[in-house]
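Open the model in your viewer and keep the sequence panel at hand. The tour moves from the whole chain to single residues.

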Amino acid sequence: MLLTGGLAPGEKLKIDRLRKVLDMGASPIREALSLLVSDQLVVRHEQRGFQAALTSRENFDEILSLRSTLESKALRQSIERATPEWIENLVLVHHRMNRMKSAGTNAFEVEHKKFHMALIGNCNSPLLMRICDQLYDLNIRYRYIAGRSKDYKGRKVDDEHRDILDAVIAEEPDVAVRLLLLHYERTGDFLKTYIE
């Protein structure tokens with residue numbers, strides 16, 4: 001709900017309301033909210049409870065900058081270490097992601113993340129992967145905001161993914177990195193009317 005806008009940026013997160021929505025007790029909700037504070041998706045205010053983290057252009061730009069730097073490195077390393085098994089897995093993950101578009105947002109989101117993580121997952125750096133995973137989650141909130149743009153529906157995201165995959169298969173790291181960064185920057189272009 002935090003990632004997809006079900007809980008709006010800045011919204012006060014009331015335990016009683018979340019208990020009803022999630023159909024669970026207050027203790028696991030408090031624990032989850034505390035963990036989400038460390039993921040920077042929730043803010044804790046002493047004596048006032050929890051709040052969904054705010055969004056801003058500056059925050060998105062920082063996330064984009066970090067993703068661009070770190071994922072460029074991870075993608076280059078992954079391509080340098082390419083194996084037939086890794087390429088085969090990428091093609092399979094890409095295919096599953098495309099099949100899930102018609103299954104609904106939640107199913108697609110799971111496969112979309114798997115695709116992006118698989119692209120950089122051959123880099124042989126668990127710490128780098130963990131940081132990229134967290135940045136991916138922070139970015140999703142902004143992608144949903146960008147999706148409100150009337151022009152966003154016309155974006156050819158499938159083609160963007162396919163072009164990145166083709167460059168990886170061809171073992172062209174410069175092309176693959178350029179296309180990946182362009183893919184991320186396009187989201188920022190759609191955000192301009194929604195956040196300052």
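Begin with the contacts across the whole chain. Of those between residues at least 6 apart in sequence in the protein, 68% join residues at least 24 apart. Keep in mind that this is a predicted model.

**Whole chain**

Show the cartoon. The protein has eight helices and three strands. Trace them along the sequence and the pattern reads β-α-α-β-β-α-α-α-α-α-α. Now fit a box along the principal axes: the C-alpha atoms fill roughly 55 × 35 × 30 Å. The radius of gyration is 18 Å, which agrees with the value near 16 Å for a compact globule of 196 residues.

Switch to the surface. The accessible area is about 11,000 Å², and carbon and sulfur atoms hold 52% of that area. Buried residues account for 41% of the 196 residues.

**The sheet**

Select residues 12-13, 42-45 and 49-52. These are the strands of an open sheet with the order S1-S3-S2 and antiparallel pairing. Which strands stand at the edges? They are S1 and S2; each has a single partner strand, so one side of each is left without a neighbour in the sheet.

Take the pairing of S2 with S3 next. The two run antiparallel and are joined by four bridges. Select Val-42 and look across to Ala-52 in S3, which stands opposite. Then select His-45, whose bridge partner in S3 is Gly-49. The hairpin of S2 and S3 has three residues between the strands. Stop there at Gln-47, which takes a positive phi near 70°.

Move to the other pair. S1 and S3 also run antiparallel, joined by two bridges. Leu-13 is the residue to pick here: Phe-50 in S3 stands opposite.

Now add residues 26-38, helix H2. This helix lies across S1, S2 and S3, and runs at about 110° to S2.

**The core**

Nonpolar side chains tend to be buried together in soluble globular proteins. Here the largest nonpolar core has 52 residues. Show the side chains of Leu-13, Leu-33, Leu-75, Leu-119, Ile-120 and Val-168, which touch the most other members. Which helix gives the most to this core? Select residues 126-146: this is helix H6, and ten of its residues belong to the core.

Centre on Leu-119. Leave aside its neighbours within four places in sequence. Leu-119 is then in contact with Leu-75, Ser-78, Trp-86, Leu-90, Ile-164, Val-168 and Leu-180. Two of these, Leu-75 and Val-168, were also on the list of core members that touch the most others.

**Glu-71**

Go to helix H3, residues 57-80, and pick Glu-71. Is Glu-71 buried or exposed? Its relative accessible area is 1%, so Glu-71 is buried. Beyond four places in sequence, Glu-71 is in contact with Leu-66, Ile-120, Cys-132, Leu-180 and Tyr-184. Leu-180 is a contact of Leu-119 as well.

**Ser-125**

Finish in the loop between helix H5 (105-120) and H6, where Ser-125 is found. Ser-125 has a relative accessible area of 22% and is partly exposed. Draw a distance from its C-alpha to that of His-94. The two residues are 31 apart in sequence and 22 Å apart in space.

Technical notes. Residues numbered from 1 in each chain as written. Predicted model: local features only at pLDDT ≥ 70, side-chain atom pairs only at ≥ 80, totals over all residues. Heavy atoms only, no water. Core = buried A, V, L, I, M, F, W, Y, C linked by side-chain atoms within 4.5 Å. Buried < 20%, exposed > 50% of the residue type's maximum accessible area, 1.4 Å probe, protein only. Contact = heavy atoms within 4.5 Å. Pairing = 2+ DSSP bridges. Axes fitted to C-alpha atoms, helices over the stretch in contact; angles between N-to-C directions. Rg over C-alpha atoms; globule rule 2.2 N^0.38 Å. Areas by Shrake-Rupley, 256 points an atom, 1.4 Å probe, with all protein chains shown as cover.
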